[in-house]
Amino acid sequence: MATVNEKMTAIADAIRDKTAETDALSLDDMAESIPKVYDAGKKSQYDEFWDNFQDYGKRTIYVRAFGYNWNDVNFKPKYDMNVTGSLQYAFAYNQITDLAGILEECGVKLDTTDVTSFAEMIYASTITHLPELKTFGVGGFTGAFSSNQLITIDKLILKEDGSQTFNNTFQNANKLKNIVIEGKIGQNISFEHSSLLTRESLMSIINALKDYSGTTTTRTLTLHANAKARLSESDIAIATQKGWTIA
């Protein structure tokens with residue numbers, strides 16, 4: 001039968017195995033180490049799950065990846081999400097709120113440089129805040145940001161040629177206030193449900209409109225009446241001088 005000292009040593013060895021500590025442990029130390037063992041177990045479980053879910057950072061396909069049952073508590077990715085192909089429904093139906101904030105907190109990035117589709121990406125989700133999104137591989141944005149919870153898009157980086165199309169892109173985005181657009185909007189686009197857009201956001205949109213002056217091409221930017229009211233005549237003139245109508 002093992003002695004008390006042998007049993008205590010075995011307990012200390014088991015604690016050190018979980019905490020990676022090497023110091024000798026008194027009885028008091030063992031009691032104080034219980035939370036460390038618990039935290040080590042949580043970390044081990046976290047690593048095991050995300051190493052498998054993200055294939056140690058090598059996963060590139062995230063279609064429908066974060067749907068029902070994902071929320072601010074369990075969405076804590078370990079690796080950068082270097083997405084290729086489609087992000088269709090990637091965050092649809094979930095209960096995540098501040099997506100951009102969680103990614104920053106976790107120290108990881110959502111790299112969408114090689115994404116080919118954002119279709120319905122956040123459909124019926126509770127996401128309020130999206131990070132910078134590069135869209136160079138996308139031809140159009142069908143329902144991409146059609147969410148009645150979305151408030152902020154840090155930056156939407158478009159192609160410079162203005163070729164991308166906008167089909168119900170901001171449908172029902174009635175809480176959208178903040179958006180920065182880089183690149184060129186060259187096709188008809190609607191923010192008809194976004195009554196809360198700030199003037200800064202509206203001017204970012206207007207400044208991104210492709211210049212069709214000197215051509216016969218005309219395009220339409222559709223705004224909610226409340227948003228349009230935040231623009232001065234000179235603001236609107238910037239768009240009209242480029243060949244755009246603000247409806």
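Serine 163 touches Gly139 and Gln187 when residues up to four places away in sequence are left out of the count. This statement, like the others in this report, comes from a predicted model, and the report moves from two single residues to a sheet, a helix and a core.

**Two residues and their surroundings**

Serine 163 lies in the loop between strand 5 and strand 6, and its side chain is joined to the side chain of aspartate 161 by a polar contact of 2.8 Å. Serine 163 and isoleucine 185 are 22 residues apart in sequence, while their C-alpha atoms are 7.7 Å apart in space.

Threonine 152, in turn, belongs to strand 5, which covers residues 152-157. Its side chain makes a polar contact of 2.9 Å with the side chain of asparagine 178. Apart from neighbours within four places in sequence, threonine 152 is in contact with Thr128, His129, Leu130, Leu176 and Asn178.

Why does serine 163 count as partly exposed, and why does threonine 152 count as buried? The relative accessibility of serine 163 is 35%, so this residue counts as partly exposed, because that class lies between the buried limit of under 20% and the exposed limit of over 50%. Threonine 152 has a relative accessible area of 16% and is therefore buried. The table sets out the values for these two residues.

| Residue | Relative accessibility | Class |
|---|---|---|
| Serine 163 | 35% | partly exposed |
| Threonine 152 | 16% | buried |

**The whole protein**

The protein has six helices and nine strands, and of its 247 residues, 40% count as buried. Among contacts between residues at least 6 apart in sequence, 61% join residues that are at least 24 apart.

**A sheet of three strands**

Strands 7, 8 and 9 form an open sheet in the order 7-8-9, and their pairing is parallel. The edges of this sheet are strand 7 (189-191) and strand 9 (244-246), each of which pairs on one side only. From one strand to the next, the twist averages 15 degrees.

Strand 7 and strand 8 are paired in the parallel sense over three bridges, and phenylalanine 191 has leucine 223 in strand 8 as its bridge partner. Strand 8, made of residues 219-223, also pairs with strand 9 in the parallel sense over three bridges, with leucine 221 standing opposite isoleucine 246 of strand 9.

**Helix 4 and the core**

How is helix 4 placed with respect to strand 7 and strand 8? Helix 4, which spans residues 199-208, makes a right-handed β-α-β unit together with strand 7 and strand 8. This helix is mostly covered, since seven of its ten residues are buried, and the buried ones are Ser201, Leu202, Met203, Ser204, Ile205, Ile206 and Ala208. These buried residues pack against several elements, including strand 6 (178-182), helix 5 (225-228), helix 6 (233-240) and all three strands of the sheet, strand 7, strand 8 and strand 9.

In soluble globular proteins, nonpolar side chains tend to be buried together. Here, the largest nonpolar core has 57 residues, and Phe75, Phe91 and Phe145 are those with the most contacts inside it. Helix 4 gives the most to this core, with five residues. Phenylalanine 75, with neighbours within four places in sequence left aside, is in contact with Trp50, Phe66, Trp70, Met81, Phe91, Ile96, Leu99, Ile102 and Leu103.

How values were computed: Residues numbered from 1 in each chain as written. Predicted model: local features only at pLDDT ≥ 70, side-chain atom pairs only at ≥ 80, totals over all residues. Heavy atoms only, no water. Pairing = 2+ DSSP bridges. Helix = DSSP H or I, 4+ residues; strand = E, 2+ residues; numbered from the N terminus. Axes fitted to C-alpha atoms, helices over the stretch in contact; angles between N-to-C directions. Right-handed = clockwise from strand over helix to strand, strands pointing away. Core = buried A, V, L, I, M, F, W, Y, C linked by side-chain atoms within 4.5 Å. Buried < 20%, exposed > 50% of the residue type's maximum accessible area, 1.4 Å probe, protein only. Contact = heavy atoms within 4.5 Å. Polar contact = N/O pair within 3.5 Å; in protein donor to acceptor, adjacent residues only side chain to side chain.
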